[in-house]
Each structure stands twice: as structure tokens, then as C-alpha cells.
Amino acid sequence: MSASVVPLTLSIKIEGMSCASCVGRVERVLAGVPGVDKVSVNLATESARVESRGPLDVAALVAAVDQAGYQAIPELAPGAAPAAPAVAPAAGAAAALQALAPPSGGSAVLLAALLSLPLLLPMLLELGGLHWMLDGRMQWLLATPVQFWLGARFYRAGWLALRAGSGNMDLLVALGTSAAYGLSVYQLLAATSSMPHLYFEASAVVITLILLGKWLEARAKRQTTSAIRALQGLRPESARVRLGTQEVELPIAALQPGALLVVRPGERVAADGVVAEGASHVDEALITGESLALARTLGDAVTGGAINGEGWLLVRVTAVGAESKLARIIRLVEDAQAVKAPVQHLVDRVSAVFVPVVLVLALLTLAGWWLATGDVQVAIINAVAVLVIACPCALGLATPAAIMAGTGVAARYGILIKDATALELAHRIDCVAFDKTGTLTEGKPVLQALHAIDHDESRLLELAAAIQRGSEHALARAVLDAAAQRGLAAGLGASELAALPGRGVAATVAGQRLLLGSSRLMVEQGVALAPLQAEADALTQQGLTLAWLASAAPASQLLGLLAFGDRIKPQAQGALQALHALQVETMLLTGDNQGSADAIGQTLGLRRVMANMLPADKAETVRALQQQGRCVAMVGDGINDAPALAAADVGIAMGSGTDVAMHAAGITLMRGDPALVAAAIEISRLTYRKIRQNLFWAFIYNLVGIPLAAFGLLNPMLAGAAMAFSSVSVISNALLLRRWRPA
């Protein structure tokens, strides 16, 4: 029977991990499978990401994880069926096993608390001056189900770790609580008359507190994935499709490109497409972070998951399933949360030796107290405290919890961070290089100046619009838009249109033969440009593109001059000011001419401007800055920006740009808003700060707690509470990132 194979990358759900040591062991066994190039295991998402340049043997990966003591569940390819279990248990046996299985989650915590409270009650009453003790046999009866039924997960996972020649949090808990429980049973059975000193409450309460901590941790971890769930919730389950003259409801999975979707007011758009009929406003806030609803009419693109406003739309589907914009966004966020940040490698090295070192410290504590006092009970209890306080749960959650919260809140505002490396590097950015077109400017020409010989600019624009009507050229569109904005009627018609390649166009308007085009065309037709030459020179200095309008008959005569330029985005000025406030230097790298680049630079206050640059020049400039010790971000949106985006420490692509740019970049801005560049750096800095805070708290719990426990200053119950609180505090600290809003 042939092994199942999948190419390149596989995500695997890993069940049973409890701490940083588990993460390290799963990574080691997966990395040892032939063909695996790279492994990243995330405790917060309880998943592994396996990468390979060739096919991966799924069966071998699952077997390796199972042998290490965990359960692996690979993500299925579309249309694949899950493998059947090797031996299916009989229905009766399965029901019996289900009945014997302990409860999980909040139910387990509640039941453990109810059984442990009577054991803890004498200690609480003692604080109030009341002396009462529960019978020893009753204590044994209450503690046993907590120890071996509700606490079975610790024994099972601890044994699997031990069998694999390793250790984890569950092993420490199982050893520690078993020592306290076993000592109590021995004392109870060996007692002859008086009430012996028992420690059933220590073992039961420690297990209860750890179960409580794991339950709170699981609830908090669900909040860190809220961004993914919110995006997944945008996908409707069905769509209304027009088939001939009828409208039918189809499941989303049945949609094909070319289908016609009927989208009524208030409904979600079921798939990516273009408007075939109708007009409306569409709210894409949860996809792009754009707060305002956007007007959509014939030929405009709409994104699956967006909410239709007041109008009726007929949308022709262009992309479905994994190729849709929403699916790609979800994939980007999931990938960012799955990949390990560079800072995590320090944690991995510590975790690899952590559990063995703790076991040695616990044995030394046991031996030291026994030799010093001769009291084996005190020695065992202090050793138990060492085992319990040292559980490295918080250490494994410190980095992934912060990264999940940071990437999730960034995605909510239209900032897609491709991987944890980009997120971590972005906090060090001290120089941002911008491309011009489509990044700081709108990326399409607009009419910026008019000069008419007879000072009648409206007439000049009216004649130019008549010539350009019907043309799809970008400059023609700019002329027609300008005429529409001035309210000029479209009454004039043009005839005898003739394109003059590389020069312009000729046409007859209102009985007059006109020429509209370049200086070269005017010179060839003998049109004198001197009357507007000074104005033309000034406009050229600003980097504007010129078009001349002249009459060709009955005599060649200049009528006027039109100047076109790329309009600066309204957010650009504020975006650069925000970067300067973050102590980040800004510069412009553009392929445009020097005049155009200087004009943009002067207007926006850019400190360095470099023009006439080829794609290779931009990449070389980025590398030169890096050699000076700078951490460089490149912001662009075109194919020509891809080399520089890839060369930069962090590439930032505009989502309105090309797919090539977005693939080369580490961060994609879903809106064409340059202000999001500063926001991306800000959320990166905040996330990295949370990572450092979390690692500090995770380490400090152990660095302070282990010596206190070893010296007998921390009893097992307090140790268990501290250990549970450490995990919850680390995740809660990371969740504070969810309050972030872009300035």
C-alpha cells in the first residue's frame, strides 16, 4: 500500500501538548522524518507546520508524533476523506469507555473543586481560630478521584513523555502530586492511634488549580484566534445564483467562476467578482479595514464577504474557494500565527533542558531536606513544591500568544503580516523607502494645469474633451474627468478622428481641424509654442506631462496647453509625519524623472529623493542602506518594486498593487493608505514589547519560585496557584494588544 503524500507544506493539529518542552519534543521528532526541511510547532494554536521541497509522507509524520506521546491530525486536502481507524471499537465498548472518561474543561474544574473544598476547609477554618479535621479515610475517598480520574490526563501524558525518553509539565505534576498522595496513604495506613499528618489536600488542590489554569488558558487562547474566526465568519454558507430566468440557492462550494450572483441590500457578497448590473455601496471594513462604504457600479470589483448597502447588485464571480481574496487573507494570518518568531529559539534552547534540570533540583531538594532534618515528610513536600512551581507552561505561550494577538488585531485594520519574522523585524525599522506611483500618489494622471491663449480655459477644456471622448487612454480619461468636474456639457462632437502614433490625435470639432498632442507634433505641424513656452518650462520642472492643443486649418495656431500629473494621496502627508514621529527616516525611490520626484519630495517633506531608478537600482540602494547598519522597509505596489521589496528587511506592499509585489513583501496593506505603514511599525513595536514582557514574567516565575520552593518557603498549593496564574497572566498580557487602534 502506497504512502499518502502531499507537496511542500502541511499543517498538523497536535493534541496533548502542555508546555514548552512538549513543543521542543514534537519539533525534534517531526524534523527527524525523512524529507522534512523545516518544522515550526505552536503551543498557542496547538499545531505544527511542516515544510519540504519534495513530497511529505503523512503516515510517517503521524507515526512520529504518536510515538512521542501526542496525537497528530493532518489537515485534509480539499475533497479528501479522513483515514478510518485501524480497529473500530465495538459500540458497547465505546459507550462504556465514554462513560468512564473524566469530564473536561469547566466541568472538570467544578467537580475537582467540589471534591477538594472539604479537604481545604480545615485549613481555612484554622485561619478563623476554629479547629476541625476531616477523618483520614474520608480525605482519602475525596482525594482519590481527583488524583486518578480527573488527574488521569497528567499520568497519561507524563507516561508517554517518559516512554519517549523526555519530560514535560504533565510528568512534573504527576510526580509531584503522586508523591504527596502516596506519602498521605502511607501515613494513614501506618498510623496506629493518633491522627497522622496527611497531605491529600495538597495533591487534590494542586490538580484542581492546574485544571483551572488550563481551562482559563484555553478560554484566553480562543480569544487570540478571534481575528481568524471573525474572517471565517464572513463567508456565507450559500449564495443566490441567476440561472437563465430563475434564481436558485446554491452552497458556496458549488459556485464556479462566471456564475451570476444576485446580491440584495444588506446581504453579504458570496464570492469575489465584478458588478454586471446595478449600483450600490459596499462595506469592506472587516476585510480591508476601510471604515467608509465604497461606491460600486458596473465593472467595479467587489470582494466576497463584503456587505452590500442600499442597492441591488448582479455580480459575475471571478474567484472562489482558496483563490478568493478572503481565503488568501485568512491563509496569510494563519501562516503568520503558525511560523515561529526568531526570539522563540532562545526559549526552545532553554526548554530542551528545563524538565531534566527541574527533576534534578527536586531530587536535590528531597535529599537536602532529608539529610538536614531527618524528616522525610518535609523533604517530600518541598520537593513536590519544586516540581509544581517549575512547570514551563508560560514559557511556551509567551511568544506565540503575543504574535497571535498582534497579527490578529493588525488584520482587523487591514494590515496583513505574512510571518512572525516580519513582525519581529518591523519593530527595528529606522528607514522607510517609498516608491512613488500608487504608493504616495494615486497612480493615475489627473489634469493639474490649463493655459489658454485667449484665457478661456473652459473652452479649451471643452475642445480637448470633444477630441478625447471615446478614448481609453489614461490622459484622455483625465481630460474627460476634469470636464465633468467643471460641469461642461458634452454637446460638442468630433469627427474625422485620426490617431497619430507617438504624437497625439487629430480631429474636426465644430468645423475646425484640431491637433492635440506632444511638442514634437506641434513642431512638425509648424505650430509656434513661444507664447506658452515659459509656462511649459515651469510645468516641466515640476515633472508634469504636457499636451498642446492647436488648430491645423485654415492656419496653424496654438490654442493652449494642458498639464497632467499624478495626484498625491491625501493621507501621504500625515503618513510621513507619523513615521517621523516614530523616529523613522523616509526617502523616495522612483523610476520617474527627477522633476516629478523633486516636486513630490518637496511637497511631502521627504528627506531623500532618488529618481530615474530601475528595479535593480532600487534593490541595490536598499542593500547599501543595510550595509550602513540601517533596518530598511520598502513600500511599493508594482512588479518593478518586487526586487527591492524582497531585498528589504521588511517589504510592505500595497494591497491595491500587483500580486508579485504582495508575494515579495512580508507585510501587505489591504488599503492603498500609506498611513498604515506607520501603523504596521507601531503594532510590531507593541507586539515585540509584549513578547519581552511575557518572557520576563515566564522566566521570573521559575527563577523566583524554584528557590523559594527548594528552601521550604512555598507549599505545593501556592506553587500550583502560581504556576496556573503564570500561564493565564502571560496570555492576558498578550490580549491587551486587542485594544490597539491605528492612530
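How do strand β18 and strand β19 pair, and over how many bridges? They pair in the antiparallel sense, with six bridges between residues 504-509 of β18 and residues 512-517 of β19. That is the place to start in these close-ups of a predicted model.

**Close-up 1. The β18-β19 hairpin and its neighbour β20.** Start at the turn: two residues sit between the strands of the hairpin, and Ala510 takes a positive phi near 50° there. Further along the pairing, Ala507 has Leu514 of β19 as its bridge partner. Strand β19 is also joined to strand β20 (residues 545-553), antiparallel again, by five bridges. Look for Leu516 here, whose bridge partner in β20 is Leu549.

**Close-up 2. An aromatic cluster around Phe148.** Phe148, Tyr155, Tyr181 and Phe200 come together as one aromatic cluster, in a structure with five aromatic pairs by a search of the whole. Phe148 and Tyr155 are stacked, because their planes are at 25° with the ring centres 5.6 Å apart. Phe148 meets Tyr181 quite another way: that pair is edge-to-face, with 90° between the planes and 5.0 Å centre to centre. Since Phe148 belongs to helix α5 (residues 136-150) and Tyr181 to helix α7 (residues 169-190), this pair ties together parts that are 33 residues apart in sequence. As for cover, Tyr181 is buried at 8% relative accessibility, while Phe148 is partly exposed at 43% and Tyr155 is partly exposed at 26%.

**Close-up 3. Arg630 and its two acidic partners.** Zoom in on Arg630, which makes a salt bridge to Asp430 with the closest N and O atoms 3.4 Å apart. Arg630 is in the loop between α22 (615-627) and β24 (632-636), and Asp430 in the loop between α15 (420-426) and β15 (431-434), so to speak a long reach: they are 200 residues apart. Arg630 also meets Glu585 in a salt bridge, at 2.9 Å from N to O. Glu585 lies in strand β22 (residues 585-589), so this second pair ties together parts that are 45 residues apart in sequence. Glu585 counts as buried, because its relative accessible area of 18% is under the 20% cut-off. Arg630 at 21% and Asp430 at 24% are both partly exposed.

**Close-up 4. A salt bridge between β5 and β8.** Here Glu277 of strand β8 (residues 272-278) and Arg242 of strand β5 (residues 238-243) link parts of the chain 35 residues apart. Their closest N and O atoms are 3.7 Å apart. Glu277 is partly exposed at 38% relative accessibility, and so is Arg242 at 26%. Elsewhere, Arg240, Glu249 and Glu267 are linked in a network of salt bridges; the count for the structure comes to 15 salt bridges.

**Close-up 5. Cysteines without disulfides.** Don't hunt for a disulfide, as the structure holds zero of them. Cys431 has its nearest cysteine sulfur, on Cys631, 9.5 Å away. Cys431 is buried at 0% relative accessibility, and Cys22 is likewise buried at 0%.

**Close-up 6. A nonpolar patch on the surface.** Val353, Val357, Val360, Leu361 and Leu364 make a nonpolar surface patch of about 420 Å². Leu364 belongs to helix α12 (residues 344-373) and is exposed, with a relative accessible area of 56%.

Technical notes. Residues are numbered from 1 along each chain as its sequence is written. This is a predicted model: local features need pLDDT of at least 70, side-chain atom pairs count only at pLDDT 80 or more; totals for chains, interfaces and linings use all residues. Side-chain values use heavy atoms; hydrogens and water are left out. Patches are made of residues with over 30% relative accessible area and no salt bridge: like charges are joined within 9 Å, nonpolar side chains (Val, Leu, Ile, Met, Phe, Trp, Tyr) within 5 Å. Accessible areas come from the Shrake-Rupley method with a 1.4 Å probe; for residues, only the protein chains shown count as cover. A salt bridge is a side-chain nitrogen of Lys or Arg within 4 Å of a carboxyl oxygen of Asp or Glu. Helices (H or I, at least four residues) and strands (E, at least two) are DSSP runs, numbered from the N terminus. Buried means under 20% relative accessible area, exposed over 50%, partly exposed in between (1.4 Å probe, protein chains only). Rings of Phe, Tyr and Trp (its six-membered ring) pair if their centres lie within 6.5 Å; planes under 30 degrees apart count as stacked, over 60 as edge-to-face and the rest as tilted. Two strands pair if DSSP finds at least two bridges between them. A disulfide is a pair of cysteine sulfur atoms within 2.5 Å.
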